[in-house]
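Here are two short exercises, each with a worked solution. Keep the sequence and the model open as you go.

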Amino acid sequence: MSKEQSGVLKAWEATMRKTHAAKKRANSIFGTITMANAADEDLENHGVSGEPYLVEKILPNGDYYTGQWFDNAPEGQGKYLWIDGCMYLGEWHKGKTTGKGRFSWPSGATYEGEFKNGYINGIGIYTGPSGDTYKGQWVMNFKHGHGMRFYPNGDWYDGEWRRGLQEGLGKYQWQNDSHYIGEWKNGMICGNGTFVWGNANKYDGHWEEGLPKGNGSYYWPDGSYYVGNWSNDPEEHNGIYYPSESSPAATTDWDPQSVYAELADCKFCPRENVSIMPSQKVLAWYTANTDDNPVDGKASVGMERPDKMHMWESDDDSNDCPEPGRESDSEISCIQHQHDDTNPKFNPDLSLKVPKMGKKPGETISRGHKNYELMLNLQLGIRHSVGRPAPATSLDLKAAAFDPKEKIWTRFPTEGSKYTPPHQSCEFKWKDYCPVVFRALRKLFKVDPADYMISICGNGALRELSSPGKSGSFFYLTEDDRYMIKTMKKSEAKVFIRMLFAYYNHVRNFENTLVIKYYGLHCVKLTGPTQRKVRFIIMGNLLRSEYTIHRRFDLKGSSLGRITDKPESEIDSTTILKDLDLNFIFKLEKSWFDEFCWQIDRDCEFLETERTMDYSLLVGIHFKEISSNGEWSAIKLGTNMPARVERTIRKPESVFHLVGEQTGECYEVIMFFGIIDILQDYDITKRLEHAYKSIQYDPTSISAVDPKQYSKRFRDFIFKVFCEDI
């Protein structure tokens with residue numbers, strides 16, 4: 001027997017062992033299966049009638065499915081058993097758990113309730129392996145809405161949840177009879193609320209991060225009470241004690257700081273980590289019309305039309321795609337017919353292509369680069385600004401902190417000084433604008449000072465993007481892609497300083513704002529004959545992610561000039577596409593969509609009030625490939641958001657319409673988005689641009705319009721290309 005024959009025999013034997021094991025495991029769980037496999041003739045008849053039919057399938061990887069089947073996927077009632085012991089019994093739609101069902105884990109944990117598109121979504125009950133139980137509302141695997149949770153130690157919580165954490169109004173009852181009723185945020189007591197101890201003592205007032213903070217009162221059962229401004233720092237705490245007639249004399253010596261010690265005894269029961277959610281499970285089934293052509297389930301899980309498409313980079317070798325080295329390695333589906341090289345955004349018969357992977361953007365600034373010394377100056381200045389000793393930062397800033405005159409100049413001679421180190425760059429001066437404000441912003445955005453300095457000033461060099469933006473500004477990226485640094489005109493810096501107070505209050509009041517985060521505003525002044533000033537603003541990189549960003553769109557809602565000048569063959573994953581390149585509708589789950597619309601309105605109202613325009617929504621899309629090693633973390637509005645996109649087509653007669661025609665072709669994605677370029681004032685230059693272009697073009701199609709009109713047009717467009725996923 002040849003080596004090749006021996007390999008085939010071993011592979012066949014392994015498959016048979018898997019098959020018998022799967023049958024044995026399925027029978028032990030489901031009992032003896034009485035449903036027979038449908039005959040080939042019956043399958044053909046069912047396919048013609050367009051109705052689901054009953055099947056029993058032992059899949060190539062050892063998984064097992066029995067139930068209703070239609071169009072190459074589960075449809076209706078069915079049971080699915082994974083090889084690791086997880087099991088789902090319930091309703092299916094287009095190959096996804098949708099409707100009512102029950103999911104169980106090998107640990108003994110179970111969920112029974114509603115599902116949607118593979119996610120736990122709706123009303124349901126989760127019971128953990130330790131006996132803890134949650135009854136209530138869910139959204140995309142998260143406890144979201146009203147729900148009641150019973151913990152293994154006897155504690156319970158009844159109230160509002162948001163993305164898996166207590167948020168809103170709720171009551172937490174400890175097993176020692178203490179309880180809290182009031183407001184929550186991010187899983188912690190925060191806002192106004194009342195805490196009652198088992199001995200009937202009570203605190204009623206304001207809380208921050210689980211502790212009394214601000215105005216509050218403490219009451220004793222005998223009628224005495226204490227009113228004050230509370231803080232865990234004794235130096236910031238003050239108040240007055242009011243005794244009752246029956247108060248013991250010892251109570252007058254009571255220390256308010258003892259309340260914090262008493263609260264330390266009332267700990268929250270830790271959250272249970274679920275090892276894997278139903279939406280993370282790989283589903284493996286046949287996508288061909290016969291039982292002789294199995295493929296890996298990863299190929300069709302992300303789609304709604306598995307008959308025409310599958311995810312790229314499939315591990316399967318048994319389909320009819322060309323061999324490796326073919327063109328379709330970079331396509332979403334196998335090309336069934338030969339097509340010409342027209343753009344697929346105009347032709348629904350052409351498959352979408354995954355953009356070629358572009359190189360990491362930017363040129364590393366190393367010794368000899370024309371801006372090498374400027375980079376050193378910037379890094380020296382940031383290290384000095386952030387590392388400079390300063391009092392504890394409070395988020396409650398005085399008006400003086402926002403004064404345009406609030407700036408600090410520091411001289412950096414090459415030999416060093418009392419406050420600056422010696423360096424190898426040229427001598428320069430460094431200016432910090434409103435340093436107290438930006439220190440508070442970094443604290444508000446939860447930026448660790450040491451990490452911030454390492455990202456910008458560490459051993460890694462900055463990267464300069466290959467060409468300046470339309471405004472003439474240059475962009476620099478940190479080596480870890482966390483921060484972007486942009487050079488600014490003096491006029492832009494003035495606009496930002498003018499609106500800094502409003503910006504600070506906006507991002508503080510709306511923690512889910514989509515407006516880009518700014519961390520610092522600085523200026524380098526080179527000494528010598530040139531006396532050149534370079535102003536920098538440091539901002540977050542919205543599209544930094546552990547996921548590959550396959551598509552990037554910069555969306556304004558205008559049409560004039562809003563199309564990329566690259567041919568389709570040159571577009572890669574780093575290409576920034578524009579409004580007329582857009583060939584998707586973005587579908588968000590209802591609660592996300594409602595929050596998105598509300599936040600877009602608040603952000604646009606802020607920008608309109610500040611008289612700025614020409615901003616855009618930067619959108620990044622990662623086409624999701626389901627895998628067994630998890631999905632994502634730290635989900636919030638605009639970051640790591642699970643969603644779907646529906647492909648649209650632009651017909652030749654409507655090529656300049658901003659929104660194409662929907663095709664029903666949907667893909668599961670992870671999205672990133674935020675509002676960028678918010679510092680363009682509607683100044684005399686933009687007014688002249690508007691007047692000039694209005695003579696030549698439709699005034700509604702150009703970007704330079706009045707801020708009120710710009711805000712309305714931007715929102716109208718965004719609410720057309722984003723919609724609720726029904």
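Two strands pair if DSSP finds at least two bridges between them. The model used here is predicted.

**Exercise 1.** Place valine 227 in its strand, find how that strand pairs, and say whether valine 227 is buried, partly exposed or exposed.

*Solution.*
1. Start with the strand. Valine 227 lies in β16, residues 225-230.
2. Look to one side. Strand β15 (residues 211-219) runs antiparallel to β16, joined by 6 bridges. One bridge partnership links asparagine 215 with asparagine 229 of β16.
3. Check the connection. β15 and β16 make a hairpin with 5 residues between them. In its turn, glycine 223 has a positive phi of about 105 degrees.
4. Now take β17, residues 238-242. It pairs with β16 over 5 bridges, again in the antiparallel sense. Glycine 228 has glycine 239 of β17 as its bridge partner.
5. Judge the accessibility. Partly exposed covers the range between under 20% and over 50%. Valine 227 is at 35% relative accessibility, so it counts as partly exposed.
6. Add the surface view. Val227 joins Ile240 and Tyr242 in a nonpolar surface patch, with about 250 Å² of accessible area together.

**Exercise 2.** Locate aspartate 614, decide whether it is buried or exposed, and find its side-chain polar contact with a lysine.

*Solution.*
1. Aspartate 614 sits in the loop between β29 (612-613) and β30 (616-623).
2. Buried means under 20% relative accessible area. Aspartate 614 has 14% relative accessibility, so it counts as buried.
3. List contacts beyond four places in sequence. Among them are Lys556, Asp677 and Tyr710.
4. Pick out the lysine. The side chains of aspartate 614 and lysine 556 make a polar contact at 3.0 Å.
5. Compare sequence with space. Leucine 679 is 65 residues from aspartate 614 in sequence, and their C-alpha atoms are 8.4 Å apart.

Definitions and conventions:
Residues numbered from 1 in each chain as written. Predicted model: local features only at pLDDT ≥ 70, side-chain atom pairs only at ≥ 80, totals over all residues. Heavy atoms only, no water. Patch = residues over 30% accessible without salt bridge, like charges linked within 9 Å, V, L, I, M, F, W, Y side chains within 5 Å. Areas by Shrake-Rupley, 256 points an atom, 1.4 Å probe, with all protein chains shown as cover. Salt bridge = Lys/Arg side-chain N within 4 Å of Asp/Glu carboxyl O. Helix = DSSP H or I, 4+ residues; strand = E, 2+ residues; numbered from the N terminus. Buried < 20%, exposed > 50% of the residue type's maximum accessible area, 1.4 Å probe, protein only. Contact = heavy atoms within 4.5 Å. Polar contact = N/O pair within 3.5 Å; in protein donor to acceptor, adjacent residues only side chain to side chain.
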